[in-house]
Amino acid sequence: MDLINARSGSDAAASSGRAVPVERRRRLSPAALAVANQKVRPAYSPIVITGIVRAADFVLLSLIGTALYLGYAARIDGFNWSYIAAILAMAAATVVCFQAADIYAVQVFRGQLRQMTRMVSSWAFVFLLFIGISFFLKLGDALSRLWLASFFLVGLAGLIAGRLMLRAIIRRWARDGRLDRRTVIVGSDESGENLIRALRAQPDSDIEILGVFDDRNDQRALDTCAGSPKLGKVDDVLEFARRTRLDLVLFALPISAETRILQMLKKLWVLPVDIRLSAHTNELRFRPRAYSYLGEVPMLDVFEAPITDWDLVLKWLFDRVVGALILLLVSPVMALVALAVRLDSPGPVLFRQKRFGFNNERIDVFKFRSLFHDQADPLATKVVTKNDSRVTRVGRFIRKTSLDELPQLFNVVFKGNLSLVGPRPHAVQGKLQTRLFDEAVDGYFARHRVKPGITGWAQINGWRGEIDNEEKIQKRVEFDLYYIENWSVLFDLYILLKTPLALLKSENAY
């Protein structure tokens, strides 16, 4: 993962685009298929981009100032820590001034004149401020004037060169669609037309409107809404979002249509996308802080995609770094388990099974083989039960102790389609008696709004192993949703540390 590839997690669907099992997928209209089948690149998070640029400015100025000091002033006067303090203070003050001048915005990075004039004036202001402070504190004799002038000129040249490179990169990403928020509108009527026109009127907008969806079949639902095609009904948004990258769903419905909105939200909240309600035509007004804005168009936030921007970066780093350390530590144990599996019964050591991943993407999960090879069940159509004759002797032990899950560390560290901590990935044909899990539990697919994990909040609270009644699957979903809504790196670390203790309670693991 690129560190700036941290917008909505729905980017993964753009590359895999494979959702629920084929036999249960909803048929999309030709217009929706045409849009969904377009080649789409993963999105980059503007918040992460601007954060990296801030850090790069600070590091660049610190390095330039230090290099000039070591190359000139330190040779004459000897090493002086006051120079280093001054360099760091000026670099930090420059970042603060750039922020105050509103330079750190992706839309500003695309331009040239506006960001250059603001940058030069802010950099000059920092130096004037520093000279004034030095004068009043009588520090003028302590610092070299030649070094100070060189720092100003070379630092300015470095900033300008960096901005020109950044502008070229940002423009290339914009052409590739990496900075756009792919958006669909719910409501193909006059309200939808007004919303689309208002969004397109915004200067430097990052909103890419893919089309509209509407459940109505009468004359109120337009086939083309302000130039955007009608792609289908609201139910089709679920399948559409699993075939292509979708970042934002906007409801162009009046707040008075409360019943319709709630019915639609009940269908769409399981998606890992931002969902907002347009407020620009509503007569009912709230306090300004109640709104978010797309340009100048007011919106009411309904649902937000979980674990985005810097949170996604932190989780990615946690998974890769901690996962690699754990893999290194348990590699001797994995070698012994692999040998035991190989000696116990004929067949491969590893077993690969299809599971539900992020946004209902189907992924291959690796486990140590615990069943006899000729009785393997890749789709998990039959749940393993107590004293199941398909389980080998070694398999019974490694399933009890969850040692069979250790190869999933390869999914975390190398493939990146699992996290260390998250909702456990269920088999694509996992059933409660005769019903698939999503048919047994309302909102089941909401647990797929984040990547699945090797361990999770449900597992350390005792909800692991066989699912033979409705309470067990309902509790798993309940705990998984709590984890998604309350995620933090410390929460992940807590769950990870509690996992070995939870494995000692293996009543339900067969």
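## Salt bridges across the model

A search of the whole structure finds 16 salt bridges. The structure is a predicted model, and the sections below describe several of these contacts together with the strands and backbone positions around them.

## Arg182 and Glu208

One of the salt bridges joins Arg182 to Glu208, with 3.9 Å between the closest N and O atoms. Arg182 belongs to strand E1 (residues 181-186) and Glu208 to strand E2 (residues 207-213), so this pair ties together parts that lie 26 residues apart in sequence.

The two partners can also be described by their accessibility. Arg182 has a relative accessible area of 3% and is therefore buried, since the limit for that class is under 20%. Glu208, with a relative accessible area of 29%, is partly exposed.

## Strands E6, E7 and E8

Strand E8 (residues 297-303) pairs with strand E6 (residues 274-278) in the antiparallel sense, over four bridges. Strand E7 (residues 292-294) also pairs with E8 in the antiparallel sense, here over three bridges. Within the pairing of E7 and E8, Ser292 stands opposite Met299 in E8.

E7 and E8 form a hairpin in which two residues lie between the strands. Gly295, in the turn, has a positive phi of about 70°.

## Arg276 and Asp301

The pairing of E6 with E8 includes a position at which Arg276 stands opposite Asp301 in E8. These residues are also linked through their side chains: Arg276 forms a salt bridge with Asp301, and the closest N and O atoms are 3.3 Å apart. Because Arg276 lies in strand E6 and Asp301 in strand E8, the pair ties together parts that are 25 residues apart in sequence.

Arg276 has a relative accessible area of 12% and so is buried. Asp301, at 38% relative accessibility, counts as partly exposed. The class of Asp301 follows because partly exposed covers the range between the buried limit of under 20% and the exposed limit of over 50%.

## Arg447, Asp480 and a shared network

A further salt bridge connects Arg447 with Asp480, whose closest N and O atoms are 2.8 Å apart. The contact links distant parts of the chain, 33 residues apart: Arg447 is in the loop between helix H14 (437-440) and strand E14 (453-455), while Asp480 is in helix H16 (residues 470-485). Both Arg447 and Asp480 are buried.

Elsewhere, salt bridges with shared partners join Lys367, Asp404, Glu405 and Arg424 into one network.

## Positive phi at Asp309 and Asn359

Asp309 is a residue other than glycine with a positive phi, near 55°. Asp309 lies in helix H11, which covers residues 309-344. With a relative accessibility of 18%, Asp309 counts as buried, because this value falls within the class of under 20%.

Asn359, likewise a residue other than glycine, has a positive phi near 55°. Its place is the loop between strand E9 (350-356) and strand E10 (362-368). Asn359 counts as buried, its relative accessibility being 5%.

Key
Residues numbered from 1 in each chain as written. Predicted model: local features only at pLDDT ≥ 70, side-chain atom pairs only at ≥ 80, totals over all residues. Heavy atoms only, no water. Buried < 20%, exposed > 50% of the residue type's maximum accessible area, 1.4 Å probe, protein only. Pairing = 2+ DSSP bridges. Salt bridge = Lys/Arg side-chain N within 4 Å of Asp/Glu carboxyl O.
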